[in-house]
Amino acid sequence: MSLKVEIKKKLRDMTLNVAFDTERDFGITGILGASGCGKSMTLKCIAGIFTPDEGRIELNGRVLFDSAKGINVKIQDRGVGYLFQNYALFPHMTIRENVEMALSCPKSERREAAMRYLDMYHIGELADRYPSRLSGGQQQRAALARIMASKPEVLMLDEPFSALDYYLKEKLQLEQLEELRNYDGDVLLVTHSRDEIYRFCSTIHVINEGEIVVSGAVKAVFKEPETVSAAKLTGCKNILDIKYVDAHTFYVPNWDIQVIIRDREVPKDTPFIGIRAHYFTAAHESEKENVMECRLKQILDDPFEVTLILENDLWWKIPKGHWKDDMKEQVPERLVVPEESIFFLKDR
C-alpha cells in the first residue's frame, strides 16, 4: 500500500508545499504541526475537497491528481476515508442510516451490513439513534463505522480526539489502536498533540508554515528533532542560542556557562540546542563540569510532577514522588546540564 503526495497550494498567508511517500513508511503515518500550519489542508487536498495549484497525488498506483496531465479524480471515486474533526454525520439520519449511505451492496442487504459495522465499533445497540443523541465518543465511532463501510484504500484522521474529554480520549485511543491493527490500508493521523503522535505513529512528518521540516521514525525524531520548530512541536521546553567555542565546547549566553561535549563534536552550523525538561539532575559536590547555579523563579505544581522554572528560564520537570521523597521539596544549589541529552538544532 502506498500514498505518494507532492503538492503545492497558495493559501492566504503561506504556500503549502509538501511531499511524502508512505511506501517507505511502516505503521501509522503522523503529521504533526501547530494550528494553521497546513496539515488539515494536506488531507483535504488528498481527499479532493480542495484542489492543489500544482503537483501529483497517487494512491496504490492510481493517480488521483496530476496538474500537468489535467487529472483530478472526483471525491467519491478516490477511495479515501476522511474522519473530519466534527465527524460530519448527517444529523437527520440515524447512525445506521448514516452507515448505509456508504455501502455499495444491494439495498436489501444494507441494513444487515450496516449493523455489522456498527457492532464492529461497539455501538450496534445505538443504531436507531440520531447523532445529536450520542456522546462525542459514540459519534466518532459512528463516523468511523461509516468510513469503513465505504472500504477506503487510505484512512485519514483529522485531530480525531480534539473534542473529547481527557478520560474518554485515552479510552478511545486504546480502542482505536486495537481497531486499526485490523485495517489493511494506509493510515494518516493529523494532530497537534505530541502524545498522540508518539502513541499511535511509527513515522512522522513535522509541518511548519506549510512545509515539512523534519521526517523520520517517531522515536528518532523525538530524540533528534533537528530544527527549532520540530523541537517545540515535540514538547521541548529548553531551546537556547549557543556560541561555538571548539569541536567539543560551546557557550550558552542565557545560562552563562560553557558546556563540554565529549562523546561527539559540536557542529559549527547549528546555532541552537535543545534539552528536554525531564533530563536535568542535581549536582554532587564533586561535580564541576557543565554545572550551573540553581536560582528558583517559579514552581508549577501539577498532579504528578513539579516544574521548577529558574531565573535563567530553564525548565526542569521532576516526578512528584522524587520531589517529595528524595529531594524533600528542596531546590538544589547547583544543576548538571546532561551532555548526552543535548540535541543541536537548525534555525527553522
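Modeller: In this predicted model, a residue is called buried when its relative accessible area is under 20%, and exposed when that area is over 50%.

Colleague: Is Cys-105 buried or exposed?

Modeller: The cut-off for a buried residue is under 20% relative accessible area. Cys-105 has a relative accessibility of 19%, and therefore counts as buried.

Colleague: Why does Cys-294 form no bond with Cys-236?

Modeller: A disulfide is a covalent bond between the sulfur atoms of two cysteines. To count as one here, the two sulfur atoms must lie within 2.5 Å. The closest cysteine sulfur to that of Cys-294 belongs to Cys-236, and the pair is too far apart for a bond because the separation is 18 Å.

Colleague: How many disulfides does the structure hold?

Modeller: The sulfur of Cys-294 is too far from the closest cysteine sulfur for a bond. For the structure as a whole, the number of disulfides is zero.

Colleague: Which side chain of opposite charge is nearest to Arg-276?

Modeller: Arg-276 sits in the loop between β16 (272-275) and β17 (281-282). Arg-276 is buried and has no salt bridge. A salt bridge would need a side-chain nitrogen within 4 Å of a carboxyl oxygen. The nearest side chain of opposite charge is 9.0 Å away and belongs to Glu-224.

Colleague: Which side chain does Arg-276 join through a polar contact of 3.0 Å?

Modeller: A polar atom of the Arg-276 side chain lies 2.7 Å from the backbone oxygen of Phe-222. Beyond its neighbours within four places in sequence, Arg-276 is in contact with several residues, including Pro-225, Gly-235 and Phe-343. The side chain that shares the 3.0 Å polar contact with Arg-276 is that of Thr-234.

Colleague: What distance separates the centres of domain 1 and domain 2?

Modeller: The domain assignment places domain 1 at 3-222 and domain 2 at 238-345. Taken over C-alpha atoms, the centres of domain 1 and domain 2 are separated by 39 Å.

Colleague: How far apart in space are Lys-151 and Val-80, C-alpha to C-alpha?

Modeller: Lys-151 belongs to the loop between α4 (136-149) and β8 (154-158). With a relative accessibility of 65%, Lys-151 counts as exposed. Lys-151 and Val-80 are 71 residues apart in sequence, while their C-alpha separation in space is 8.6 Å.

Colleague: Against which helices do the buried residues of α2 pack?

Modeller: Helix α2 covers residues 95-102, and its buried residues are Ile-95, Arg-96, Asn-98, Val-99 and Glu-100. The elements against which these buried residues pack are α3 (107-120) and α4.

Note on methods
Residues numbered from 1 in each chain as written. Predicted model: local features only at pLDDT ≥ 70, side-chain atom pairs only at ≥ 80, totals over all residues. Heavy atoms only, no water. Buried < 20%, exposed > 50% of the residue type's maximum accessible area, 1.4 Å probe, protein only. Helix = DSSP H or I, 4+ residues; strand = E, 2+ residues; numbered from the N terminus. Lys, Arg positive; Asp, Glu negative; His and termini not counted. Polar contact = N/O pair within 3.5 Å; in protein donor to acceptor, adjacent residues only side chain to side chain. Contact = heavy atoms within 4.5 Å. Domains from an automatic or database assignment.
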